[in-house]
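User: I would like a close look at one part of this protein, followed outward to whatever surrounds it. Please take it slowly, and explain each term the first time it comes up.

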Amino acid sequence: MASDKSENCPAWAAKDESGVLSPYKFKRSHEIVGTVQEVGSDVQRFKIGDHVGVGTFINSCRDCEYCSDGLEVHCANGIITTINSVDVDGTITKGGHSSFIVVHERYCHRIPDGYPLALAAPLLCAGITVYTPMIRHKMNHPGKSLGVIGPGGLGHMAVKFGKAFGMNVTVFSLESAWSRQLCSLVGHGANGDKSLDFIIDTASGEHPFDPYITTLKTAGVLVLVGAPSEMKLTPVRLLRGMISISGSASGGTKHTQEMLDFCGTHKIYPKVEVIPIQSVNEALERLTKNDVKYRFVIDIESSLE
C-alpha cells in the first residue's frame, strides 16, 4: 500500500513549480504500508505477515549523535531517502510505486493491530511531520492553545493530535469550506491577539507571517513544517513578544513508532481517498485544482491483480 499525492512515475506528467509540464522523477510515494513477505536471518523485530510501514528514509549512518538519539532523519552523514536516492548497492530508490521494497528493520515501523493500512500510510510523512515538533515543543499539555495554518494533509493531522492532547485548537485557512469542516472538528475559533501558545504553519505557498505572530502569547512558538520560498515579517514583533520561530521536517524512528502507537491507542485516523494506480492521472489533475481532502492513497496491491 503506497500513499501520497501520486506524483512518481516517469510515465506520468504534471506541472512542476514553474508551471511547465514535465515527467515526474520519483519525488514522492515515501509513505508505504504493507505486509512483511520475507525476513532475513538476522531480523528480530518482525515476522512474515506483520503489518509494517516505511517512511521518508530507508538508511542512515547509524553512528552519529543524531542516529544514536533516534533522530536519523537529521543524520550528520546524510540519509538515503525512500525515493530518488542512491542506495548502498548503487541502485536508485523508487519508493512505494513498486510491488515490494527491501529495507533494514531499523527503518521499518510496526502498524498497530487493527489499524487500517490505507489510513496508516499518510501517518509516515504527514503525521510524523507535525507530531515531531509537537512533542519537541511540549505541545502535548492539556489546556494549551494551538493554532494550525493550513487545513490540508499535514494541518488536519496537527488538529487531530492537538485535540487528542487536550489542547484548544484554532484553524487558520483561506479555504472557507475546509476551514468550516475543521472548525466543526475542533469546536473552537480564534480568540484574537495573544491567545495562542503555539502555531504550526503547514502552508508552502506565499503568505504573511505578522498577522499570525500577533496571535501568539509572550514566549510563544511558531513552527514551520511547510516550505514557503521566503518569510516576510517584522523582526521587532519577535523581540517584543519573545517569540521563537522553529523549523521541523519529518522525524526519526523513535518518534515515528511512538506516533503510530499513539494513533492506534487514541483511534486517530487521517482522512484519505483510496484510488487504484490506474486513476493516478485523474488524481494529478484534481491536485492541480486543489481537489483533494486530504490525501490520495494508491492501492498498489489491488491495482496489480
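Analyst: **From two loop residues to a sheet and its helices**

With a relative accessibility of 1%, Thr82 counts as buried, a word used here for under 20% relative accessible area, whereas over 50% is exposed and values in between are partly exposed (1.4 Å probe, protein chains only). The model is predicted, so that local features need a pLDDT of at least 70 and side-chain atom pairs count only at pLDDT 80 or more, while totals for chains, interfaces and linings use all residues. Residues are numbered from 1 along each chain as its sequence is written, and side-chain values use heavy atoms, with hydrogens and water left out.

Thr82 is found in the loop between strand 7 (80–81) and strand 8 (83–86); helices (H or I, at least four residues) and strands (E, at least two) are DSSP runs numbered from the N terminus. The side chain of Thr82 reaches the backbone oxygen of Gly55 at 2.5 Å. Among the residues that Thr82 touches, leaving out those up to four places away in sequence, are His30, Ile32, Gly55, Thr56 and Ile101, where contact means heavy atoms within 4.5 Å.

One of those contacts leads to Thr56, which has its place in the loop between strand 5 (51–54) and strand 6 (57–59) and is buried, with a relative accessible area of 14%. Not counting residues up to four places away in sequence, Thr56 touches His30, Thr81, Thr82, Leu124, Cys125 and Ser250. With Ser250, the side chain of Thr56 makes a polar contact of 3.3 Å, that is, a pair of N or O atoms within 3.5 Å, of which, within protein, one must be able to donate a hydrogen and the other to accept it, and residues adjacent in sequence count only if both atoms are side-chain atoms. Thr56 and Ile83 are 27 residues apart in sequence, yet 7.9 Å separates them in space, C-alpha to C-alpha.

The view now moves to helix 3 (residues 126–136), which is mostly covered, with 10 of its 11 residues buried, including Ala126, Tyr131 and Ile135. What covers the buried residues of helix 3 includes strand 4 (31–35), strand 11 (145–149), helix 4, strand 13 (196–201), strand 14 (216–224) and helix 8 (253–266). Just after helix 3, Lys138 takes a positive phi of about 60°.

Helix 4 (residues 153–164) has 12 residues and spans 17 Å from its first C-alpha to its last, close to the expected 16 Å, a figure found as 1.5 Å times one less than the number of residues. Helix 4 too is mostly covered, since 10 of its 12 residues are buried, among them Gly153, His156 and Phe161. Just after helix 4, Gly166 takes a positive phi of about 85°.

Helix 4 lies across strand 11, strand 12 and strand 13, and runs at about 170° to strand 11; axes are lines fitted to C-alpha atoms, for helices over the stretch in contact, and angles run from 0 to 180 degrees between N-to-C directions. These strands belong to an open sheet of five strands in the order 12-11-13-14-15, with parallel pairing, and two strands pair if DSSP finds at least two bridges between them. Strand 12 and strand 15 (244–247) stand at the edges with a single partner strand each, so one side of each has no neighbour in the sheet. From one strand to the next, the twist averages 20°. Strand 14 and strand 15, which run parallel, are joined by four bridges, and Leu224 has Gly247 in strand 15 as its bridge partner.

Aromatic rings finish the picture. Rings of Phe, Tyr and Trp (its six-membered ring) pair if their centres lie within 6.5 Å, and planes under 30 degrees apart count as stacked, over 60 as edge-to-face and the rest as tilted. By this rule there are eight aromatic pairs. One of them, Phe165 with Phe262, is tilted, at 5.1 Å centre to centre and 40° between the planes. The pair links distant parts of the chain, as Phe165 sits in the loop between helix 4 and strand 12 (168–172), and Phe262 in helix 8, 97 residues apart. Phe165 is buried at 8% relative accessibility, and Phe262 is buried with a relative accessible area of 15%. Together with Tyr131 and Phe161, Phe165 and Phe262 form one aromatic cluster.
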